[in-house]
Amino acid sequence: MIIYIIVIYNKKDKEKMQLPNKTCNLCPRLIDFRQKNQEKFPNYFNGAVPSFGNIDAKILIVGLAPGLNGANQTGRPFTNDYAGDILYPVLKEKGFATGNYQKRSDDGFTLINCRISNAVRCVPPQNKPLPCEFNNCLPFLVYEISLMKNLSYIVSLGGDSHRAIIKAFNLKQADFKFAHGAKHKISDTLTLIDSYHTSRYNVNTNRMTRKMFEDIIDMII
Ligand code: SF4
């Protein structure tokens with residue numbers, strides 16, 4: 001991990017690096033979408049959604065991007081997103097969260113030894129980020145991972161998230177193919193576990209079920 005950070009940033013850049021603030025403006029298309037949403041939904045969060053959970057966690061779950069009426073509304077990953085309706089209860093059941101998930105960022109729900117982020121931190125139109133937007137946001141993921149000194153497992157939700165993580169570690173995509181339930185050793189200390197996304201589409205088409213996500217989390221325990 002340390003080697004890759006050196007590849008991506010020189011020392012001066014790394015010292016300047018920080019996680020994005022709410023008004024990050026690196027992606028013009030997403031800024032345009034944000035401004036439209038600020039007019040349409042003035043009470044929404046409408047910004048780069050910060051990660052949820054402690055930086056010293058053992059597990060990092062990486063999704064695709066905030067949903068318009070989910071994380072983009074509440075300002076917390078997967079909160080009020082359909083995907084959170086499976087993700088959060090399962091994390092609680094498996095001992096990685098406490099409290100009552102009520103689809104609000106102020107519900108007191110707390111992650112235990114787990115952190116949640118997204119490959120792209122601002123809501124994209126039609127929930128589809130462009131390749132340049134993945135690239136713009138990637139340094140934040142790389143930097144965040146470098147801060148997680150106790151990190152042992154990364155769970156990628158969906159193929160796009162998987163590919164962002166492989167890129168973050170400067171590994172060859174061809175050597176690490178996405179497959180639901182696959183485990184990839186991506187460094188001496190880190191294992192990547194692939195999961196289908198707990199999205200509404202995947203659940204409604206039976207590609208993904210709560211039991212399948214429970215099994216993914218059981219791979220960590
Ligand atoms: S997607 Fe990432 S890089 Fe792009 S504006 Fe949002 S926080 Fe910045």
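Two strands pair if DSSP finds at least two bridges between them. The exercises below apply this criterion, and others, to a predicted model.

**Exercise 1. Determine in which sense strand 5 and strand 7 pair, and over how many bridges.**

Solution. Strand 5 covers residues 153-157 and strand 7 covers residues 191-195. The two run in the parallel sense and share 5 bridges, and the pairing criterion asks for at least two. One of the bridges joins Ile 154 to Leu 192 in strand 7. Strand 5 also pairs with strand 1 (residues 59-63), again in the parallel sense, over 4 bridges. There, Ile 59 has Tyr 153 of strand 5 as its bridge partner. As for burial, 4 of the 5 residues of strand 5 are buried, so the strand is mostly covered.

**Exercise 2. State the strand order of the sheet and explain why one side of strand 4 and of strand 6 is left without a neighbour.**

Solution. The sheet is open and consists of 5 strands in the order 4-1-5-7-6, with mixed pairing. Strand 4 (114-118) and strand 6 (183-185) stand at the edges; each has a single partner strand, and therefore one side of each has no neighbour in the sheet. From one strand to the next, the twist averages 20 degrees.

**Exercise 3. Identify the helix that contributes the largest share of the shell around the ligand, and classify the residues of the shell.**

Solution. Helix 6 (residues 131-147) supplies the largest share, with 3 residues. The residues around the ligand include Glu 133, Asn 136 and Cys 137, together with Cys 24, Cys 27, Arg 121 and Cys 122. Sorted by class, the shell holds 9 nonpolar, 1 polar and 2 charged residues.

**Exercise 4. Decide whether Thr 198 is buried or exposed, and list its contacts.**

Solution. Thr 198 lies in the loop between strand 7 and helix 8 (200-204). A residue counts as buried if 20 or more other C-beta atoms lie within 10 Å of its own. Thr 198 has 26 such atoms within 10 Å and is therefore buried. Leaving aside residues up to four places away in sequence, Thr 198 touches Ala 83, Ile 86, Leu 87, Leu 157, Val 203, Met 208 and Phe 213. Two of these contacts, Ile 86 and Leu 87, are among the buried residues of helix 5 (residues 84-93). The buried residues of that helix pack against strand 2 (97-98), strand 3 (110-111), strand 4, helix 8 and helix 9 (210-218).

**Exercise 5. Find which residues other than glycine have a positive phi near 65 degrees and near 60 degrees, and assess their exposure.**

Solution. Most residues other than glycine have a negative phi. Lys 103 has a positive phi, near 65 degrees, and is situated in the loop between strand 2 and strand 3. Because 17 other C-beta atoms lie within 10 Å, Lys 103 is partly exposed. Asn 113, with a positive phi near 60 degrees, belongs to the loop between strand 3 and strand 4. Its 16 C-beta neighbours inside 10 Å make Asn 113 partly exposed as well. A glycine case is Gly 95, which follows helix 5 and has a positive phi near 85 degrees.

**Exercise 6. Establish which stretch has a pLDDT below 50 and how many contacts it has.**

Solution. The protein averages a pLDDT of 94, and 92% of the residues score at least 70. Over residues 1-8, however, the pLDDT is below 50; this stretch has 12 contacts in the model beyond near neighbours in sequence. Where pLDDT is low, predicted coordinates should not be read in detail.

Methods. Residues numbered from 1 in each chain as written. Predicted model: local features only at pLDDT ≥ 70, side-chain atom pairs only at ≥ 80, totals over all residues. Axes fitted to C-alpha atoms, helices over the stretch in contact; angles between N-to-C directions. Near = placed C-beta within 6 Å. Nonpolar A, V, L, I, M, F, W, Y, C, P; charged D, E, K, R; others polar. Buried ≥ 20, exposed ≤ 12 C-beta atoms within 10 Å, placed from the backbone. Contact = placed C-beta atoms within 7 Å. pLDDT = per-residue confidence, 0-100.
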